[in-house]
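Student: I am new to this structure and would like to take a close look at a single part of the surface. Could you walk me through that part slowly, and then place it within the whole chain?

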Amino acid sequence: MSAPAAAPPPPGGPRSAVRRRATQQHQQNVASQRPSSTRAAGAGGSSSTMLKLYTDEAAGLIVDPMVVMVLSIGFILSVVALHIIAKITNKLIGN
């Protein structure tokens, strides 16, 4: 009987195998450093950041929600009015 055949060497030689192993270890290290969930990453709405946005102590411009609503509707109406004016002037000038 003949001796069992040895496994063929990896393609690219030993340097390629070392590089492949180093890349694999690097990918495992990066994966282990990433948080496993969005909550662990801080995007889950932690109370220390989320609640501070809606308190009176939060820094920044404080605007009443009704003012934001009125300004938004006014902007939408102005865009619609400009579109109507453009259509009318285009018809008047085009003819």
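Tutor: The part to look at is a nonpolar patch on the surface of this predicted model, made up of F75, I76, V79, V80, I84, I88, L92 and I93, and taken together these residues offer about 820 Å² of accessible area. One of them, F75, has its place in helix α3, and because its relative accessibility is 56%, above the 50% cut-off, F75 counts as exposed. In an α-helix there are 3.6 residues a turn, so residues three or four places apart point the same way.

The helix itself deserves the same care. Helix α3 consists of 30 residues and spans 43 Å from its first C-alpha to its last, which is close to the 44 Å expected at 1.5 Å a residue. It is also hardly covered, since the count of buried residues among the 30 residues of α3 is zero.

An annotation from a record can be set beside this picture: the unreviewed UniProt entry gives a "transmembrane region" that covers residues 66-86. In the model, the end C-alpha atoms of residues 66-86 lie 30 Å apart, and that span is 100% helix and 0% strand.

Turning to the whole, the protein chain has three helices and zero strands, with its elements running α-α-α from the N terminus on. Of its 95 residues, 1% count as buried, while the accessible surface of the chain comes to about 9100 Å², with 64% of that belonging to carbon and sulfur atoms.

Confidence should be kept in view throughout, for the mean pLDDT of the protein chain is 77, and 62% of its residues reach 70 or more. Among the elements, helix α3 (residues 65-94) has the highest mean pLDDT, at 94, whereas helix α2 (residues 47-50) has the lowest, at 58. Where pLDDT is low, the predicted coordinates should not be read in detail.

Conventions:
Residues are numbered from 1 along each chain as its sequence is written. This is a predicted model: local features need pLDDT of at least 70, side-chain atom pairs count only at pLDDT 80 or more; totals for chains, interfaces and linings use all residues. Side-chain values use heavy atoms; hydrogens and water are left out. pLDDT is the predictor's confidence in each residue, from 0 to 100. Helices (H or I, at least four residues) and strands (E, at least two) are DSSP runs, numbered from the N terminus. Patches are made of residues with over 30% relative accessible area and no salt bridge: like charges are joined within 9 Å, nonpolar side chains (Val, Leu, Ile, Met, Phe, Trp, Tyr) within 5 Å. Accessible areas come from the Shrake-Rupley method with a 1.4 Å probe; for residues, only the protein chains shown count as cover. A salt bridge is a side-chain nitrogen of Lys or Arg within 4 Å of a carboxyl oxygen of Asp or Glu. Buried means under 20% relative accessible area, exposed over 50%, partly exposed in between (1.4 Å probe, protein chains only). UniProt positions are given in the numbering used here, feature names are shortened, and annotations may be inferred rather than shown by experiment. The expected span of a helix is 1.5 Å times one less than its number of residues.
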